[in-house]
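Please work through the two exercises below with the sequence and the model at hand, and attempt each task before reading its solution.

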Amino acid sequence: MLEIFQYQFMIRAILAGSFVAVLLGWLGTFVIARKMSFMGDGIAHASLAGIALALLLGWAPIPTAVMFAIIIAICIYLLENKTKISTDAAIGIMFTTGMAIGVILLHFYQGYQPELISYLFGNILTINNFDLWSIIITGFIILVLIIFNYNKLVFTTFDREGAYLSGINPWIYDLLLYIITAVSIVLSIKLVGIVLVSALLITPSAFARLYTKSFKSFTVLAVLISVLIVVLGLILSYYLDLPSGATIILTGTSLFLLGYIFKFLKK
Amino acid sequence: MDNIISVKNLTYKFDNYEALDCVSFDVKTGEIVSVIGPNGSGKTTLIKNIIGVYKPTSGIIKIKGEEPKKSRSIIGYVPQRFDFDRSIPISVYEFMGLEKCGKKKHGCVNIKESLKQVGLVDVEKKSLGSLSGGQFQRMMIARSLLHEKEILIFDEPSTGIDIAGEQTVYDLIVKINKERGTTCVMVSHELNIVSKYSNRVLCLNKKKICYGAPETVINSKNLKDLYGISAGLYHSH
């Protein structure tokens, strides 16, 4: 069992994975409560444009994708709030636009690009020390932002008009949530890939919802399950020699199904 | 008594659709004012302008002499529908404690006491989604009691509630009004309730049809103008 910790890449993957699991597990509770499950998918796919631009220009892919994801999140917010477009339609527009820009940019890239596959489906071997520190530092800033704005984020999630009447400007917290969710999703791309990352945002909360009655316990359980899914998924992928991203997601789905069946039988 | 709410020549448009046309009325401190009118007559639009969620296309609204945005903290609002996923776990205690009182959060004792005042006992640990329609409305009223709001606005408080629950909610509104002097504005379709409990009634159909004491306003002619049908109040003898 300890053999797994002999490899630097596994230690980096487990550390980075645990950090993004805390972020996505926590943010997922807001995403689920606000009925924005499509957001994770949309941001992740749209960030292909940022990664493609970075690969083309020789820039660092993750920081470029983070900047691009912030722009995408602001565009989704503006489309949703300044036009009559619904949230899912706004995400749909930005999702496909980002993908299309990414495909066009990659068209200009000469030769085979093996790294691109790792961004699409995740590859823990590609997580280097720079990625690890990027995830830890950016993730820490996001955690501080969530902690200091937690009450207002919950208030605007459950009762926008009540929050407004209490003196809060809900739009500030909507935009904050969009941006930190977008950044967290991009930080997880090397772990599980663009195609699968949204599951890490949704599955832990879907599981936690089955067993909790308060938002506090819902959040704690979602974060714990999220970390469990990522660490267990990484260990399984190592011993079964399977792709890490897909194994993590299937571990999450299996835990959710077990949780659902157990809850059903308990009734 | 002073006017706590003053609405002058309020017009509100959704793009080119005029939802409210030059509506003017005042609400005095401590009154219960009801707003009646057919579906699509602009009742909820009026309420959202008063609380400051919508910005008037033209006209002026003053709450205690100030713009709604500045004085919004004295208003408690109980919406017609509460759009949240009932399967998301949040306890009654957590929900009621979301609005901070100064720099402090509300303690469990305050929340329990507030719930008790509206007839809800031992519900603070329950999930919000497990409350019935009537319990939910009473919990929302309890939340506004916590903050001692000067104005309470109810948008169809009896929507989705059975007759017993409906009576409880309206009795509670009257009790708060009498005991605390809270000004209450409520949108309602229940003409008998409106007639029984309100100091004044605003008949609205995009424009102000009439405004005054229920006994002078709720009559066959005005109801015909308002709803386009012959209607009246039920009087038991």
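The exercises that follow concern a predicted model, and each task is followed by a stepwise solution.

**Exercise 1. Describe the overall build of chain B, from its secondary structure to its surface and charges.**

Solution.
1. Begin with the secondary structure: chain B contains nine helices and nine strands.
2. Next compare its radius of gyration, 18 Å, with the globule rule, which gives 18 Å for 237 residues; the two are close, so chain B is as compact as a globular protein of that length. Along its principal axes, the C-alpha trace of chain B spans about 50 × 45 × 35 Å.
3. Then turn to the interior, where buried residues account for 53% of the 237 residues in chain B. Of the contacts in chain B with a separation of 6 or more, 66% join residues 24 or more positions apart.
4. Finish with the surface of chain B, whose accessible area is about 11,200 Å², with 48% belonging to carbon and sulfur atoms. Chain B has 34 positive and 26 negative charges, and their mean positions lie 4 Å apart.

**Exercise 2. Is A:Thr203 buried or exposed, and which residues beyond its neighbours within four places in sequence is A:Thr203 in contact with?**

Solution.
1. Locate A:Thr203 in helix α11 of chain A, which covers residues 198–211.
2. Apply the cut-off: buried means under 20% relative accessible area, and A:Thr203, at 15%, is therefore buried.
3. Leaving aside neighbours within four places in sequence, A:Thr203 is in contact with A:Ile229, A:Gly252, A:Thr253 and A:Phe256.
4. Within its own helix, the side chain of A:Thr203 reaches the backbone oxygen of A:Ala199 at 2.8 Å.

Key. Residues numbered from 1 in each chain as written. Chains lettered and ligands numbered in written order. Predicted model: local features only at pLDDT ≥ 70, side-chain atom pairs only at ≥ 80, totals over all residues. Heavy atoms only, no water. Helix = DSSP H or I, 4+ residues; strand = E, 2+ residues; numbered from the N terminus. Rg over C-alpha atoms; globule rule 2.2 N^0.38 Å. Buried < 20%, exposed > 50% of the residue type's maximum accessible area, 1.4 Å probe, protein only. Contact = heavy atoms within 4.5 Å. Areas by Shrake-Rupley, 256 points an atom, 1.4 Å probe, with all protein chains shown as cover. Lys, Arg positive; Asp, Glu negative; His and termini not counted. Charge placed at Lys NZ, Arg CZ, Asp CG, Glu CD. Polar contact = N/O pair within 3.5 Å; in protein donor to acceptor, adjacent residues only side chain to side chain.
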